[in-house]
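Biologist: Could we go through this model together? I should like to begin with its pockets and then turn to individual residues.
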Amino acid sequence: MKGMITEIHRAALDDGPGVRTVVFFKGCPLRCLWCHNPETQNPKPEPIKRRGKHETVGREATVAEIMDIVSLDAGHYKATGGGLTLSGGEPLAQPDFARVLLKEAKASGFHTCVETSGFGDVAPLVPYTDLWLFDIKGIPEDYIRLTGSGFEPVKKSLRTLLENGAEVILRCPVVPGIHESAEYEAYLNGLPALYPGVQGVERLPFHRLGMDKYEALGRKPFLP
C-alpha cells in the first residue's frame, strides 16, 4: 500500500514519549491561520524553492519502505519507550494508509502515536494507536474563522476516542493576537471536565519557524 508523505524524521523527541520516528502525511482539510507546515496542506506533490533550488515536496511511499526506516531505531524505542508517530498534514485524510502503517508498527512491537486535528474517522485507527495527540485549535465558536471548518467533526472524533478508552492528550495552540483572551484560557482550564478521560491539556506556544515555507511555496502566510 502507498500513501503521500512529505518527509520522515528520525530521533524526534517532541511527538510522543521517548525517541520517535515521525512520518509527515501530505494533505489536510484545514487552513489554520498559524499553520507552520503549509507544505503538508495540499494532498498532491507541489513545487517548492529551497535554498535557491527548485524541488518537489510530496512523494508516494509504501508501508514497507517506511517500516524499513522506522525499524532502524528499534533499539532506541525499546530503551526510551518511543516508537512511530503519524503527523502531517492530517493522517486521518489517508485513513487506510494510516491504519495499515500503524498495524505494522504494532506488529513489530513499537509504540504508536497519531497527531490529529480530529477531522476524519478515528475509529479504524483506535485498535492500533497507543496515544492520540489531539489538537483543539480554539473555542468552538471561533473554529470556522481560525481553521476554515466547524467544530462538530472535532467533537465527534474526540467523543469516539474517549468512549473507546483511548489515551488522549489535548494540544492547544497559544498564538499571539488570536488566543490571548480570558475566554480561551477559561475554555482550556475547563477541557478536562468537559471531556472526562483526557490524560492532559498541553499549551503549545507559537513559533514562526514555518513562515518562510510560504515564500518557498510562492504563497503569502496567513499571519503577518
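Biologist: How does the lining of the largest pocket divide into nonpolar, polar and charged residues?

Modeller: In this predicted model, that lining has 15 nonpolar, 12 polar and 10 charged residues.

Biologist: Which residues lie nearest the centre of the largest pocket?

Modeller: H36, N37, S87, D135 and L204 lie nearest the centre, out of 37 residues that line the largest pocket. The space in the largest pocket is about 1000 Å³.

Biologist: And which strand gives the most to that lining?

Modeller: β1 does, with 3 residues. At least two residues each come from β1 (2-12), β7 (111-116), β8 (131-135), β9 (168-174) and β10 (200-205).

Biologist: What volume does the second largest pocket have?

Modeller: Its volume is about 200 Å³.

Biologist: Which residues line the second largest pocket?

Modeller: The lining consists of E39, I48, K49, R50, R51, L209, D212, K213 and A216. By class, 6 of these residues are charged, 3 are nonpolar and none is polar. Strand β3 (46-50) and helix α7 (211-216) each supply at least two residues of this lining.

Biologist: R51 is on that list. Where does R51 lie, in terms of strands?

Modeller: R51 lies in the loop between β3 and β4 (53-57). With a relative accessible area of 77%, R51 is above the 50% cut-off and therefore counts as exposed.

Biologist: What about the phi of R51?

Modeller: The phi of R51 is near 50 degrees, a positive value in a residue other than glycine. Most residues other than glycine have a negative phi. A11 also has a positive phi, near 60 degrees. A11 is found in strand β1, and at 53% relative accessibility A11 counts as exposed.

Biologist: Changing topic to peptide bonds: which residues does a cis bond join?

Modeller: A cis peptide bond joins G88 and G89, with omega at about 15 degrees. Most peptide bonds are trans. G89 is placed in the loop between β6 (83-87) and α3.

Biologist: What lies 2.6 Å from the backbone nitrogen of G89?

Modeller: A polar atom of the side chain of T40 lies at that distance from the backbone nitrogen of G89. T40 itself is found in the loop between β2 (20-25) and β3.

Biologist: Is T40 buried or exposed?

Modeller: T40 is buried, because its relative accessible area of 2% falls under the 20% cut-off. Leaving out residues up to four places away in sequence, T40 touches T6, F25, K26, G27, C28, G88 and G89. Both residues of the cis peptide bond, G88 and G89, are thus among the contacts of T40.

Biologist: F25 is in that set. How many aromatic pairs are there in the model?

Modeller: The count comes to 3 aromatic pairs. One of them is F25 with F97: the ring centres are 5.3 Å apart and the planes are at 45 degrees, so the pair is tilted.

Biologist: Which parts does that pair tie together?

Modeller: F25 lies in strand β2 and F97 in helix α3 (residues 95-107), so the pair ties together parts that are 72 residues apart in sequence. F25 counts as buried at 0% relative accessibility, and F97 counts as buried at 3%.

Biologist: And what is the geometry of the Y143 and F151 rings?

Modeller: The centres of those rings are 5.0 Å apart and the planes are at 70 degrees, so the pair of Y143 and F151 is edge-to-face. Y143 and F151 are both buried.

Biologist: Back to F25 for a moment. What does Q94 contact?

Modeller: Apart from its neighbours within four places in sequence, Q94 is in contact with G3, M4, F25 and K26. Q94 is in the loop between β6 and α3, and at 14% relative accessibility Q94 counts as buried.

Biologist: Last one: where is L131 found, and is it buried or exposed?

Modeller: L131 is found in strand β8 and counts as buried, at 5% relative accessibility. Its contacts, setting aside neighbours within four places in sequence, are G16, P17, H111, T112, C113, V114, E167 and I169.

Biologist: How do L131 and V201 stand to each other in sequence and in space?

Modeller: L131 and V201 are 70 residues apart in sequence, and their C-alpha atoms are 14 Å apart in space.

Conventions:
Residues are numbered from 1 along each chain as its sequence is written. This is a predicted model: local features need pLDDT of at least 70, side-chain atom pairs count only at pLDDT 80 or more; totals for chains, interfaces and linings use all residues. Side-chain values use heavy atoms; hydrogens and water are left out. On a 1 Å grid over the protein atoms alone, a cavity is a set of points where a 1.4 Å probe fits but cannot get out, and a pocket is an open set with protein on both sides within 12 Å along at least five of seven lines; lining residues have an atom within 4 Å of a point. Grid points are joined across faces, edges and corners, and a volume is the space filled by probe spheres set on the points. Helices (H or I, at least four residues) and strands (E, at least two) are DSSP runs, numbered from the N terminus. Ala, Val, Leu, Ile, Met, Phe, Trp, Tyr, Cys and Pro count as nonpolar, Asp, Glu, Lys and Arg as charged, and the others, Gly among them, as polar. Buried means under 20% relative accessible area, exposed over 50%, partly exposed in between (1.4 Å probe, protein chains only). A polar contact is a pair of N or O atoms within 3.5 Å; within protein, one must be able to donate a hydrogen and the other to accept it, and residues adjacent in sequence count only if both atoms are side-chain atoms. Contact means heavy atoms within 4.5 Å. Rings of Phe, Tyr and Trp (its six-membered ring) pair if their centres lie within 6.5 Å; planes under 30 degrees apart count as stacked, over 60 as edge-to-face and the rest as tilted.
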